[in-house]
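Hi everyone, thanks for making time. I'd like to walk you through a structure that's new to most of us, so have a look at the screen.

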Amino acid sequence: MTDIRKQLLAAFEVEHREHLHAIRSALDGADRSTIDMADVFRRAHSLKGAARAVDLPAVEEVAHHLEALFSRILEGRQELDKPTIAAVRLSLDTIEDLVAESSGPAGSASAEAALQALKSTSPGERPAAPPPQKAEERKDHPPKPDATPPADAGAGTYLRVAAEQMEQLSSSMHALVAELQDDEAFDDTLRQIEVEVRGLRRGWDALHAQLVSTAPAGKGSAAERTGRTTGAATPRLRDFDQDLKALFRKLSALARSRKQSSWSIDQAARQLRDDIDRISLVAAETVFGGFGHMVREIAREEGRDVHVRTIGLDLQVDRRVLQALKDPIMHLLRNAVSHGVEPAPERAGKGKPERAEIVLELASRGGRLAVSIRDDGRGPDLQRIEKVAIGRGLLAPRAEDAMPPMLDQLLSLVFTPGFSTADEVDRLSGRGMGLSVVAEAARKLHGSVLMRPRFPWGTEVLLNVPLTAARQSLLLVEAEDRMYGVPSHAVERLLRLRAESLESVEGRPTIRIEVRGQDVVIPVIALAALTGSPNAQIPIEAGNVKAVLVRHGARHCAFAVNAFHDVRTMLVNDVEAIGLDAMVSGTVLMEDEMPALVLNPELLIDHWVRNESRLAAGGMGLSAWAPDKERHATTVLVVDDSITTRTLEKSILEAQGYQVLLSVDGIDALNVLRSGETMVDLVVADVEMPRMDGFGLLQAIKADARISSIPVILMTSRADPEDVRRGLDLGASAYITKQKFDQRELLATIGQLL
């Protein structure tokens, strides 16, 4: 095959999937009256022309008949009824099969059934076949190939990069270069200050020499003689004092500018990194696009009629993640056919449509890739799973009147190596390796896998992994002087609990809180007790317990820690953890070059469930969480008319151990400060507020001797230099703009002021 032929087929591979996906999406719409038939017709026409360009006559013929069908519907000569939609779906599946087989060994795909179905829907005459194109015409007028070579066109690997992504990357690069160039100006300023300091030193030396040389001898005390000399040098001393003050002002301004510049450079570098990361992403279509064809082939060989729907294949994901998930997802799709889909008579007897449906859906949720493979088949056989688990020693036999295992615990066993409920080994199932491969792939990607039944029937398997192979969003916490990273996707919320609010349930500390509208009792476990210190007690500071509420499936646990530090997107390195088994999924490198362990929250919960009796008896009884001596917590007053901003700042500050008061505007804040009911250590205020804005509040605070010493941070969207200057002139200790808000900067500023 020539290079030009490879490039043409690579371009057609992408183009035909786009057209098929668009037509299928239109047909899947709930209201047929809203279907844009003009767009559907245009896509069938484009598909026909593209098939002709790459010399796929069978695809061209099916596309031509589709085009004719859509033309009749557009003109009102035919209805888009159920038989017509079924014929269109069959034709789309046939085109996908024909294209898939064109790039591999010759197969059995045929366009005859699709053509017959399309012809049978026509109320009039059969559409004329497209005129054949002469080989000479194809040779004389070859189509222009796609400029991007396919992945297998050469020895290297290629990525299709959108033009807007390159433009964004270029823009980010120029922004970073501009910040670096601005940073160079600091060198000139420092050199100027150095020259001025040397001049001051020379001036001081000259002044000192003058004082010594002109000191009069003779009558009078030493003090009187020094006074006469100083009086003569007063003008020079005054000039020296003014020069010194000017130098201090320059140094202060330089320090503020340097801090702002460092922050800007950091933000520009982060943006550039994010843009580069986005360019390394590819559409999931490039890896999973042929799965529909493969599943239909498998189902046909098994004598079952299956409609395969794919959703979200345009999602941009790290190519390495997609490749790592390719085999696991194919295992799950095979499983859906072999274990889920019933024969047509059995489905009819259950009141189901004769044609089964299998759905592969990809979505981005919270910076993670969520993959759902679901079917409308039999659903998991819970009794069979329990029987196999008991036979393999994974579950203990239970009495007839005993409660069955929890659903999530029972279904998690199917991912154990060698676990299978199949009665015999065949081409699709029976060896029990497929689901363990899925679980292992999810673990290596620092993700999770979950199976659950669908209602009224069917099964769903959920995979949750990072969008990129190496970078993860992590909550950094500290437990017994060690730093840990908890993947933020599993963190339900951060808790700050009063120690006396903990309850004892069967001798174990718990907390009763509301989760998604339900009042639930959740165990509280010292994180250190799960990560190498089984006798660790729940840490308490100032009568409070800080805990991370983690969720896996329907189960929740609260892991108590010494401190919350930050949420960051960090590069996670693989590691073979010693003594921590699979609970550690990797490491990240902190600023002090010390590694922090990245924990697997799902396995932490599983570890607690398996060992809760031993861990609860290991020092986490009621005596372990008796409050220590109360200490005064620093109190911060947050003033903002936006409830969202108030809530955000409150959660950030409380996570760091601060006591937080809230006010809705300047007048409300003044009433709190002047009442004296609570000692306020610092004020964080917005500028734009009703009744009294932040500038007015700041002015009132500085004019009141009783509260004028309280430091005030203005945090606002008003970033004009005049506003910044006004705030600082009125006495603000710091001025932070919301456009470039970073919680680390806020916490660092508060730490410096307090």
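Let's start where helix α2 meets helix α3. On the α2 side, the residues in contact are M37, A38, V40, F41, A44, H45, L47, K48, A51 and R52, and on the α3 side they meet V59, E60, A63, H64, L66, E67, F70, S71, I73 and L74. Sort that contact by class and you get 13 nonpolar, three polar and four charged residues. Quick reminder before we go on: this is a predicted model.

So how do these two helices sit against each other? α2 covers residues 37-53 and α3 covers residues 57-74, and their axes come within 8 Å and cross at roughly 160 degrees. An angle over 145 degrees counts as roughly antiparallel, and that's why we can call α2 and α3 roughly antiparallel to each other. As for handedness, α2 passes α3 in a left-handed crossing.

Now a second helix pair, α10 and α11. Helix α10 is residues 291-301, helix α11 is residues 319-340, and here the axes come within 10 Å and cross at roughly 35 degrees. This time the crossing of α10 past α11 is right-handed. From α10 we have F291, M294, V295, I298 and A299, and they meet K326, I329, M330, L333, R334 and V337 in α11. By class, that contact has nine nonpolar residues, two charged ones and no polar ones.

Okay, on to the sheets. As a bit of background, strands of a sheet pair through backbone hydrogen bonds, and they do it either parallel or antiparallel.

One sheet here is open and has six strands, and if you read across it the order is β10-β14-β15-β13-β12-β11, with mixed pairing. At the edges are β10, residues 491-498, and β11, residues 503-505, each pairing on one side only. Going from one strand to the next, the twist averages 40 degrees. If you want a place to zoom in, take β10 and strand β14, residues 544-552: they pair in the antiparallel sense over seven bridges. For instance, R498 has N544 in β14 as its bridge partner.

While we're on strands, take a look at P487, which is found in strand β9, residues 482-487. Is P487 buried or exposed? Its relative accessible area is 2%, and the cut-off for buried is under 20%, so P487 is buried. Leaving out residues up to four places away in sequence, P487 touches Q472, S473, L474, V598, L599 and P601. One of those, S473, is 14 residues away along the chain, and its C-alpha atom is 6.0 Å from that of P487.

Then there's another open sheet, with five strands in the order β20-β19-β21-β22-β23, and in this one the pairing is parallel. Its edge strands are β20, at 659-663, and β23, at 734-737, and each pairs on one side only. Ignoring direction, neighbouring strands are turned by 20 degrees against each other on average. Strand β22, residues 712-716, pairs with β23 in the parallel sense over four bridges. Which residue in β23 is the bridge partner of L714? That would be Y735.

And Y735 turns up once more, in my last stop, D723. This residue lies in helix α21, residues 721-729. With sequence neighbours up to four places away left out, D723 touches F695, R718 and Y735. D723 counts as buried too, at 12% relative accessibility.

That's my tour, so over to you for questions.

Note on methods. Residues numbered from 1 in each chain as written. Predicted model: local features only at pLDDT ≥ 70, side-chain atom pairs only at ≥ 80, totals over all residues. Heavy atoms only, no water. Axes fitted to C-alpha atoms, helices over the stretch in contact; angles between N-to-C directions. Parallel < 35°, antiparallel > 145°, perpendicular 65-115°, else oblique. Left-handed = near helix turned anticlockwise from the far one by under 90°. Contact = heavy atoms within 4.5 Å. Nonpolar A, V, L, I, M, F, W, Y, C, P; charged D, E, K, R; others polar. Pairing = 2+ DSSP bridges. Buried < 20%, exposed > 50% of the residue type's maximum accessible area, 1.4 Å probe, protein only.
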